[in-house]
Structure formats: structure tokens, C-alpha cells
Number of protein chains: 2
Amino acid sequence: MVVVPRQTRQRAEILDLLEDLDEFRSAQQLHEMLRARGSSVGLATVYRAVQSLSEHGDVDVLRTEDGESVYRRCAQRSHHHHLVCRSCGRTVEIDAGQAEAWAAQVGAAHGFDDVDHIIELVGTCASCRAAATA
Amino acid sequence: MVVVPRQTRQRAEILDLLEDLDEFRSAQQLHEMLRARGSSVGLATVYRAVQSLSEHGDVDVLRTEDGESVYRRCAQRSHHHHLVCRSCGRTVEIDAGQAEAWAAQVGAAHGFDDVDHIIELVGTCASCRAAATA
DNA sequence: CTCTTGCTGAGACTGGTTCCCACCATAACG
DNA sequence: CGTTATGGTGGGAACCAGTCTCAGCAAGAG
């Protein structure tokens, strides 16, 4: 009795859109883009879709500095982290084995169990750096 | 012409309160606590104060999962990270030299400069673990 | 085909945060 | 020490992301 989300036009359109994008987008941006494409999808539906997708590990979620949640379809389905360009939004997926080992070790040193971690890296990518110094 | 915040009763009271606490608190919680103490400080003022304090590095800010900002007066004024107990909120400050070195190295490997990082650890502390298994 | 059940969407609602603006206290200046 | 400009204060309105409501609809089971 596993709960599998029903396959609907709206969900398909949202996934399609996410496939086309390679940067993190907010639910509101996705909604706008869908409307621009001419499909009539409700904002609430977009929220529900990205939420269920993220629960199933099909998309990754990040929180921006101003508290907005942004979503991205990721190549790696396993746990990983992101290195995001602060200027153009280009995102690189990182396997963070080393950082995870560090986290577990630090937790143990302070008597903490089940240590989860939030690790995100923000930098300036090579091409933006070049553009800035030009 | 450096902008130094004016010293007022309200700001002093907020800092005092933060000194007494050793867990992260939201602006709203701080506001409530101040009112409970009998001091009439506006909510807007609390927001302004914690904001300016965090900009000056006098308090640390974290975002909870539901998008609330929480604040804490930290012992270390230099850059550091936190290991928070998910059950009791107990917080340990971590010097994360190793993680930072890793972040810089990963950034460089992908051609990224000025790599900032967000690293937070959440776990279950020894005493909460004991209480849970009791 | 029919029925059940989950999905949809418009708009109302919530809760955290910021803005507005008249009033007030601080600090600088004479 | 009084005056003044400047920035802080506070209450409420405004804002915005996100959630809830509920009637209508459509996917999938039987």
C-alpha cells in the first residue's frame, strides 16, 4: 500500500520544465514559466508537486538567504551537495564524502548521534570571474 | 564617518537578554520574553536590533526548517559553525578549519573563487539520547 | 462504464518580516 | 546646559512565501 502520486498533466508539465532547467528555481518562478508556456497550472499545485518530488528525492531543495525555497532536478539521485555560482547561478553537484566523514567525527567528539548536515557552497565561477575583471 | 548604532535602552535590553540565553531564539520569542520581563519594546525594534547585531558579527543567525530566523549570542566572535541538538536545542560551537579547507579545495577544483560555505550540523546529544532510550 | 479517491485551482488565510511615519531620545554643537 | 539634527522607536499596515479550503474534475480500479 505504497502511496504513489497519481500521474496527471500538471505534474508531467512541472517535471518537464524542471528537466529543461539546470538552475535552482522557486515554486513561484516555475509557476510563472508554466503560465508563460500557456499551460494553466495553479500555484498551489506547483507547491504540492515540488514538495512531493522533493520527498521522493527527485528534486533537490535549497533555501535562499531570504527564506525562499528553490528546486532543481538533479542528476545524482543519491545524497550530495551543491556548489553554486553567486552571480550566474550555475550549479555543480558535489560528492561530499570527505565533509560527511568530518561531520560524523565532529558529532561523535561531542557525544552527538545521528548527525545530519547542511552543507552548501557559494562561489564565483570562472566565467563570471572573467566577466567581472574584463 | 562609520555608522555606529546609537546606544539605547532597547538595544541594551535585547543584548542583555541574549547574554542570558544559550540557545537560538527567534525575534518573536525574544520580543515575548522582553514583554514578560516588563519592558516595552516593539517587535520591529527587536528585528532591527538582531539584524544590526548580526551584521556586526555580535550574534549568529540560523534559519529553521520552517523559514524562521533564530539568533544567538556567540562566545567566538570569529567565523565558526554550530552543532545543534535536534531535541533539546543545546548548541556547541565548532571551529571548522578542516571543513573550510575542504570547501576551498572543492571550489578551486571547479574553477570557483571566493567560496563561501553554509555548514550546520544537527544531531542528538548524549543526554537526549539517554532520555529517549530510557 | 462507474465509482472512489486523490488531484486541481482560485482565493482566503497564516505567520514571519519589513515598511511607514509620527513621535522621541541620543549625541553633537555652540 | 539648551538647542538641534539625526537616527531610533513602536504600532499597525503592508508584504510575501507558503498552506488551507472546498467544490469540481479526472485517473485508475473494479
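This is a short walk through a protein with two chains, A and B, and DNA strand C.

One caution before we start. The model is predicted.

Let's begin with the two protein copies. Rotate chain A by 179 degrees, with 0.0 Å of shift along the axis, and it superposes on chain B. The RMSD is 0.2 Å. The two copies are thus related as by a two-fold rotation axis.

Now the interface. Take the interface residues of chain A: 100% of them are also interface residues in chain B. So the copies meet through the same surface.

On to the DNA. Which residues come nearest to DNA strand C? There are 23 residues around that strand. Thr8(A), Ser40(A) and Arg48(A) come nearest, together with Tyr47(B) and Ser69(B).

What kind of residues make up this surface? The surface near DNA strand C has 10 polar residues, 8 charged and 5 nonpolar.

Look at the helices next. In chain A, helix H1, residues 9–20, and helix H3, residues 43–55, each give at least two residues to the surface near DNA strand C. Helix H3 of chain B, again 43–55, also gives at least two. Which element supplies the largest share? That is H3(B), with 5 residues.

And what does the protein meet on the DNA side? Count the atoms of DNA strand C within 4 Å of the protein. Of these, 68% belong to sugar or phosphate, and the rest belong to bases.

Here are three contacts to find on screen. First, the phosphates. A polar backbone atom of Gly42(A) is 3.0 Å from a phosphate oxygen of DNA strand C. On chain B, a backbone N or O atom of Ser69(B) lies 2.8 Å from a phosphate oxygen of that strand. Then a base. Arg48(A) places a polar side-chain atom 2.7 Å from a base nitrogen of DNA strand C.

One last stop, Arg73(A). Look for Arg73(A) in strand E3 of chain A, residues 69–73. Is Arg73(A) buried or exposed? Its relative accessibility is 23%, so Arg73(A) counts as partly exposed.

What does Arg73(A) touch? Set aside its neighbours within four places in sequence. Arg73(A) is then in contact with Leu15(A), Leu18(A), Glu19(A), Asp58(A) and Val59(A). Take Leu18(A). Leu18(A) and Arg73(A) are 55 residues apart in sequence, but 5.8 Å apart in space, C-alpha to C-alpha.

Two of these partners meet the Arg73(A) side chain through polar atoms. With the side chain of Glu19(A), the Arg73(A) side chain makes a polar contact at 2.4 Å. The Arg73(A) side chain also reaches the backbone oxygen of Asp58(A), at 3.1 Å.

How values were computed
Residues are numbered from 1 along each chain as its sequence is written. Chains are lettered from A and ligands numbered from 1 in the order in which they are written. This is a predicted model: local features need pLDDT of at least 70, side-chain atom pairs count only at pLDDT 80 or more; totals for chains, interfaces and linings use all residues. Side-chain values use heavy atoms; hydrogens and water are left out. A residue is near a molecule or strand if one of its heavy atoms lies within 4 Å of it. A polar contact is a pair of N or O atoms within 3.5 Å; within protein, one must be able to donate a hydrogen and the other to accept it, and residues adjacent in sequence count only if both atoms are side-chain atoms. Helices (H or I, at least four residues) and strands (E, at least two) are DSSP runs, numbered from the N terminus. Ala, Val, Leu, Ile, Met, Phe, Trp, Tyr, Cys and Pro count as nonpolar, Asp, Glu, Lys and Arg as charged, and the others, Gly among them, as polar. Copies are superposed by least squares on the C-alpha atoms of residues with pLDDT of at least 70 in both. Contact means heavy atoms within 4.5 Å. Buried means under 20% relative accessible area, exposed over 50%, partly exposed in between (1.4 Å probe, protein chains only).
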